[in-house]
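Visitor: I am new to this one. Could you walk me through it?

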Amino acid sequence: MTPRTFLSLIAMLALMAVPLSPATAQDAPVIDRSATGGATTLEDILLRQQGIKVDNTYRRDATGNPELAAPIQDQLGTLGGVSQSEDWQALRYNTADVTVSSRVPAAEVIMQDSGMAWQKFRSGPLLTYGGWLLAGMLGLLVLFYLVRGRIRIDGELSGRKILRFPAVERFAHWLLAGSFVVLGITGLIQLFGRYFIIPLIGHETYAPVAIAGKWVHNNVSWAFMVGLVLVTVFWIAHNIPNKHDLKWLAVGGGLFSKGVHPPAKKFNAGQKLIFWAVIVLGFSISASGLSLLFPFELPMFAVTFEKLNALGLPQLIGLGELPTTLAPHAEMQLAQLWHAIVAFLFIAIIFAHIYLGSVGMQGAFDAMGSGEVDEQWAKEHHGLWLAEVKAKSAKSATPAE
Ligand code: HEM
């Protein structure tokens, strides 16, 4: 895989439906390489520097033919029919017949050239855009707070409490939330440490912090996955979209104006969006995390690309067919980048959730704290759910005839 294909894949992964370079192999001019005997010319180099994709089959296929070598017993015979540069070429393009004694999956790959592109993307756009995404979300929340203030309960508190989440559901939520916060912090330390923490505390102090952070990150991931499965099981039925969601969305859930309370069942449309984001991003980040936790054992990108190609999605957005044979290292690089991209999106969304579940909305935290909310809060934010719960308890209180 060339660095350009690699970057294009990342662009696709980041759901930015824009091919990185408008130029394709078809646009590249036909190059006369007779002067170099078929090897790379200055024109090739200049085109590559301009970011134009050059068809590299002239190099990729130039891996020598041992049959053409003069036999060793002949005068001026050779020890082998393939030159060193041809050997290196074959190694680079993964076509050399390599035999190694180690049996681990990555051992036969002697050379893999997308490492540089991965490293550049990781320390460049990933950090820059990811960092700005988080800072932007925090800025928006501060702005929202300044403009709207805390969303207060409009009516008088009733003093009557109603159970919103039983202990087992609160346990699942806090298992998920607690592990998420730990994973987020330790993950960001790994990603930003070199640039922001080392200059502050130095290499010597950072090293044990990074090692401990990695250990914690790897092990706490299991708690996150358990929490995710529990939350999915407990709440999926309540998060199926219904007709009330459209009404809720049409008035922005009343979040932007006082006294507006669209009807909602157990979860409103905004919470459903959060729920589904947690499920989709949560399972995706777990899958790529497992792939990183067991290096080379759980490759998942080549198979995913095969399925995407079959659906025609990458072709639709101009990326052409995605590679379906990836070196084990390329699988790891993509897993790392995907893991981090999903993490940034996830953290940004959760910032908004944490804000609304705590300081942003009066009475919301109780639902996950004690598990009980005031009836007035329930009436304003989940009117249909309150009516359902009341109807149920009235029914069970009616003595059987
Ligand atoms: C750490 C601070 C957090 C606080 C203060 C918090 C607070 C809350 C509260 C109060 C609710 C109930 C809302 C209601 O009564 O309708 C809730 C629900 C929920 N929380 Fe959290 N939460 C936190 C972190 C997280 C994290 C990290 C995740 C996921 C990774 C998460 C996922 C959910 C989901 C899926 C729901 C149900 C849907 C929803 O209400 O949006 N929470 N949270």
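Here is a short round of questions and answers on helix packing, cores and one lysine.

Guide: This is a predicted model, where local features need pLDDT of at least 70, side-chain atom pairs count only at pLDDT 80 or more, and totals for chains, interfaces and linings use all residues. Residues are numbered from 1 along each chain as its sequence is written.

Visitor: Is α8 roughly parallel or roughly antiparallel to α11?

Guide: Helices are DSSP runs (H or I, at least four residues), numbered from the N terminus. Axes are lines fitted to C-alpha atoms over the stretch in contact, and angles run from 0 to 180 degrees between N-to-C directions. The axes of α8 (residues 269-293) and α11 (residues 328-357) come within 9 Å and cross at roughly 150 degrees. Angles over 145 degrees count as roughly antiparallel, so α8 and α11 are roughly antiparallel.

Visitor: How many charged residues are in the contact of α8 with α11?

Guide: Residues are in contact if their C-beta atoms, placed from the backbone, lie within 7 Å. Here α8 supplies residues including Ile 274 and Leu 281, and α11 supplies residues including Trp 338 and Phe 346. Ala, Val, Leu, Ile, Met, Phe, Trp, Tyr, Cys and Pro count as nonpolar, Asp, Glu, Lys and Arg as charged, and the others, Gly among them, as polar. The contact has 13 nonpolar residues, 7 polar and no charged.

Visitor: Which helix gives the most to the largest nonpolar core?

Guide: A nonpolar core is a set of buried Ala, Val, Leu, Ile, Met, Phe, Trp, Tyr and Cys residues joined through C-beta atoms within 7 Å. The largest has 35 residues, and Leu 337, Ala 340 and Ala 343 touch the most other members. Helices α5 (115-148), α6 (167-235), α9 (301-311) and α11 each supply at least two residues. With 14 residues, the top giver is α11.

Visitor: How many residues are in the second, separate core?

Guide: This core includes Ile 162 and Phe 165. Ala 367 and Val 373 also belong to it. Its count is 11 residues.

Visitor: Is Lys 214 buried, exposed or partly exposed?

Guide: Lys 214 sits in helix α6. A residue is buried if 20 or more other C-beta atoms lie within 10 Å of its own, exposed if 12 or fewer, and partly exposed in between. Lys 214 has 14 C-beta neighbours inside 10 Å, so it counts as partly exposed.

Visitor: What separates the C-alpha atoms of Lys 214 and Leu 183?

Guide: Along the chain, Lys 214 and Leu 183 are 31 residues apart. Their C-alpha atoms are separated by 9.4 Å.

Methods
Parallel < 35°, antiparallel > 145°, perpendicular 65-115°, else oblique. Contact = placed C-beta atoms within 7 Å.
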